[in-house]
Amino acid sequence: MKNQPGSTIHSLLRVLAVALGILVVVLPPWVFVFDTLLGDASGCKIMAQVARRSGFMFYAPRGDSGRADSAPASTGSPPTSRTGALARAALNSVALALVTCAGCVLLGVPAAFALARTRLNAARWLFVLCLLPFLIPAHVHAIAWIGAFAGNGLLGRLVLWLGLGWPTAKHVYSFWGCAFIMTLCFWPCVALPCAARLAGLPRNLEDAARLHRGPAAALLSVALPQTVPALLAGLAVVFVLVLGDLAVGSILWPKTGAFEIFTQFAAFCDNKAALAATGLLLLAIAPALAAGLWAVSRLRGMAFDPEHQQPAYLRGSGGCACAVVLVAALVASVVVPLGALVFDTWAGDSLVQVIARLKQVLKGDRDSIVPTFFLAAIGAAAVVVVGLLTALALRSSVAGAQNRAWRMIKPVVWLGFLVPLAVPGMIVGLGLSGMYNHPGLRQRIFSSSAIVVLAYVCRFGFVGLAWCHYQLAVQGRRFGEAAAAHGVAAWRRVLRIEIPLAARSLLVLWFIVFVLCLGDLDTTMLVDPPGLMTLPKRIANLIHYSYDSHLAALCLILVVGCLVLFVPTAVLLARRRRRRLSA
């Protein structure tokens, strides 16, 4: 039977949506690989020039005798020992990621039990507070702790008052200082999935174990094993993020694999060595991704409590210990960094002087602040649109098409969207520079702010695709199937049923991607057009010269901008939750 005109148009639109996702998200990182392997001298030269243009920001901080101690010199590996340096840098990154994962387990698992299995009066607000560490970018965490342990910092004065010689800002510039900062940034990636799994665990499983083996044995034999997939999924995310991080490593401990990749471009113009270093990191990233995907598949097959019964709460010293760990983690990852930034912005001056300083900072760095927030908002909207279109195309194609081509395309597209998020961000930036830094229309795009938006879409496109795919699969499915049974066209079902039902979820997705774009440094540092310097790059430049009230004010503006949008988003979600519970 011949295809109807409507089905032909829908198939064409699906092809165009998938092609758009591949062009914008999937292709740029592979341009870097192809230029390197095929020996495209012009493309490699362009990428090396772009890397050298941004390389000035990654040298050792000069330090300030009144503020913070100097960091160790961040020189790249010389060409004579480059092979060994690549292996050492990759091993350093793996060791840093493993230590960070261990720290996240120590903080995240007790915090998860405190959120899901203790009778805390403010449990709902603690769930919200656990999202706050994500609103502080990793490099801002590092800068805040450097300022906190400086001689005139918030914690530095306490250390001097107690007569202790440890810790100081010098100890932050180390492997353990970097691992400590990473742990404070990413422990909610472990705590929140584990808490969600514990909250949805069927009560009858634990009740049966309690009758035969007691409460402690029920906890160890039922609750903990059931949280292992959620724990592995969170640890996989942490491991990948730490391996690909450049910002914190360049500030605190410039011996990581990501920093070595950048050094090969910026200092030696050796694209093959950079590709080799990237390959070493990918060898470590691949098992983590495989473990994360296995954990997600296990979570899908696990039983959840459909009746939302009251869970078995922890009692006695166990519950108190978990609550103490949760509060300590929130204080260390939210209160101390924000307090250090506010304290250093205040700098002992009067309120009038502080307000005048903030006005001066807003006026002097207006060219960095305003474009950063604007481009982050546009980039988040673009990620939502690309993710929604691709999710609709993949869902419709697999459900409606009978040929094998569409079913083969789906895993390829998913893997292609995942690669830019898994690899170090500078690889995405170098790929975009090699793809668009050519005469003609591509040069106009590369010289405008559109290249920053494209970098955001390429880097975080997987987040938009995964979120939209899940929301379309869960919300509106029953109504969409009912409308399809009554002969409603596919485009009407999408526009009038599915998208309106997922509107609030898409708004939450926009805010999540906005926060990610606002704190992104690894990708955008290589693609900033002439005359534009994003706020994260401006902050990273200043910390490598000195730490003062001006830098603290810039960091505070970046965090406050996220908090201002976080409040209405949290209120919207709370209202939606109350309406659903009342219904």
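At 1.5 Å a residue, helix H26, which covers residues 503–518, should span 22 Å with its 16 residues, and the C-alpha atoms at its two ends are indeed 22 Å apart, so expectation and model agree. The model in question is a predicted one. Many positions along H26 are buried: Ser505, Leu506, Val508, Leu509, Phe511, Val513, Phe514, Val515, Cys517 and Leu518.

Helix H17 offers a second case. With 30 residues, from 317 to 346, H17 should span 44 Å at 1.5 Å a residue; its end C-alpha atoms lie 40 Å apart, which agrees. H17 also has a kink of about 40°, and this kink is centred on Val331. Just after the helix comes Ala347, whose phi is positive, at about 55°.

These two helices belong to a chain with 28 helices and zero strands. The protein chain has 583 residues, and 51% of them are buried. Its accessible surface amounts to about 26,900 Å², and carbon and sulfur atoms account for 67% of that area. Contacts reach across the sequence as well: when residues at least 6 apart in sequence are considered, 82% of the contacts join residues at least 24 apart.

The interior may be approached through the largest nonpolar core, which contains 159 residues. Within this core, the residues that touch the most other members are Trp187, Leu252, Leu326 and Met426. Helix H23, residues 450–474, supplies the largest share of the core, namely 13 residues. One of the four residues just named, Met426, shows what such a position touches. Leaving aside residues up to four places away in sequence, Met426 touches Leu246, Ala258, Ile261 and Phe262, and also Asp522, Met525 and Leu526.

It remains to consider how confident the prediction is. The mean pLDDT of the protein chain is 77, with 74% of the residues reaching 70 or more. Confidence is highest in helix H9 (residues 175–186), where the mean is 93, and lowest in helix H2 (residues 41–54), where the mean is 51. Over residues 1–6, pLDDT stays under 50, and the model has one contact beyond four places in sequence for this stretch. Residues 578–583 likewise stay under 50, and for them the model has two such contacts. Where pLDDT is low, the predicted coordinates should not be read in detail.

How values were computed: Residues are numbered from 1 along each chain as its sequence is written. This is a predicted model: local features need pLDDT of at least 70, side-chain atom pairs count only at pLDDT 80 or more; totals for chains, interfaces and linings use all residues. Side-chain values use heavy atoms; hydrogens and water are left out. Helices (H or I, at least four residues) and strands (E, at least two) are DSSP runs, numbered from the N terminus. The expected span of a helix is 1.5 Å times one less than its number of residues. The bend at a residue is the angle between axes fitted to the seven residues ending there and the seven starting there. A nonpolar core is a set of buried Ala, Val, Leu, Ile, Met, Phe, Trp, Tyr and Cys residues joined through side-chain atoms within 4.5 Å. Buried means under 20% relative accessible area, exposed over 50%, partly exposed in between (1.4 Å probe, protein chains only). Contact means heavy atoms within 4.5 Å. pLDDT is the predictor's confidence in each residue, from 0 to 100. Accessible areas come from the Shrake-Rupley method with a 1.4 Å probe; for residues, only the protein chains shown count as cover.
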